[in-house]
Amino acid sequence: MIIIFKKSSVLYHEFMRQIFFFKSYKFTRNSKETAVKLGKFMKLTTKGRYAVMAMADLACHSIKKPVSLTEISLRQNISLSYLEQLFIKLKSKKLVKSLRGSKGGYTLEKPASEIKLSNIFYAVEEEVRTLNCKKDSKRGCNNKSVKCITHNLWDKLDNHINGFFENVKLEDLLKENYEQQRNK
């Protein structure tokens with residue numbers, strides 16, 4: 001699994017602060033981005049990433065009028081049929097609402113300042129995990145009677161990553177994007 005942040009971003013610095021004491025991550029550097037590789041069991045699929053991208057786009061563009069999924073699809077380069085599937089889930093968890101008609105589309109159900117990234121992941125049934133086993137399982141990590149030697153390390157990393165997503169709101173993404181655009 002690879003998570004990519006721009007090195008200058010607030011999210012990158014906050015994420016690195018959260019996992020600083022873990023020595024198990026590796027960096028791949030280039031001039032613009034840093035990729036953090038977090039082991040073979042780290043799981044964050046495109047479903048979660050695309051849901052956050054679409055919600056950020058919606059928050060940015062739905063201030064004056066509802067936004068169609070076609071518009072989001074074109075701006076974010078995400079398949080329209082995939083967005084339709086995601087928005088069914090986002091709507092059922094009351095993160096977005098739809099308006100019918102020729103000027104219809106989607107808007108946020110709540111202000112961007114009240115929507116956490118963890119809410120978005122939960123809505124699309126995305127789970128960020130570094131453990132191969134279930135946390136509360138009586139069986140061990142490798143289907144043995146004991147947990148693996150690094151179980152507690154990965155469990156702590158799970159807590160840090162999920163805590164990070166719990167503390168970042170959709171509004172934070174918009175502010176960061178606005179600041180980057182302004183500084184260009």
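**Exercises on salt bridges, a helix and an aromatic pair**

E71 forms a salt bridge with R75, their closest N and O atoms lying 4.0 Å apart; the term denotes a side-chain nitrogen of Lys or Arg within 4 Å of a carboxyl oxygen of Asp or Glu. The model is predicted, so local features need pLDDT of at least 70 and side-chain atom pairs pLDDT 80 or more, while totals for chains, interfaces and linings use all residues. Residues are numbered from 1 along each chain as its sequence is written, and side-chain values use heavy atoms, without hydrogens and water.

**Exercise 1.** Determine which helices are tied together by the salt bridge between R75 and D57.

*Solution.*
1. The closest N and O atoms of R75 and D57 are 2.8 Å apart.
2. R75 belongs to helix α3 and D57 to helix α2, so the bridge joins parts 18 residues apart in sequence; helices (H or I, at least four residues) and strands (E, at least two) are DSSP runs numbered from the N terminus.
3. D57 is buried at 3% relative accessibility, whereas R75 is partly exposed at 37% (buried: under 20% relative accessible area; exposed: over 50%; partly exposed: in between; 1.4 Å probe, protein chains only).
4. E71 and R75, by contrast, both lie in helix α3, 4 residues apart, which means a separation of about one helical turn.
5. D57, K65, E71 and R75 are linked in a network of salt bridges.

**Exercise 2.** Test the length of helix α4 against its expected span, and locate its buried residues.

*Solution.*
1. Helix α4 (residues 80-92) has 13 residues, and at 1.5 Å a residue (times one less than the number of residues) it should span 18 Å.
2. Its end C-alpha atoms are 18 Å apart, in agreement with that value.
3. The buried residues are L83, L86, F87 and L90.
4. They occupy an arc of only 100° around the axis, and therefore lie on the same side of α4 (the arc is that of the directions from the helix axis to the C-beta atoms).
5. The face turned away from this buried side carries the exposed residues I88 and S92.

**Exercise 3.** Classify the aromatic pair of F121 and F165.

*Solution.*
1. The centres are 4.8 Å apart and the planes enclose 75°, which makes the pair edge-to-face (rings of Phe, Tyr and Trp, the last by its six-membered ring, pair with centres within 6.5 Å; planes under 30 degrees apart are stacked, over 60 edge-to-face, the rest tilted).
2. F121 lies in helix α5 (residues 117-123) and F165 in helix α6 (residues 151-167), 44 residues apart.
3. Both F121 and F165 are buried.
4. F121, F164 and F165 form one aromatic cluster.
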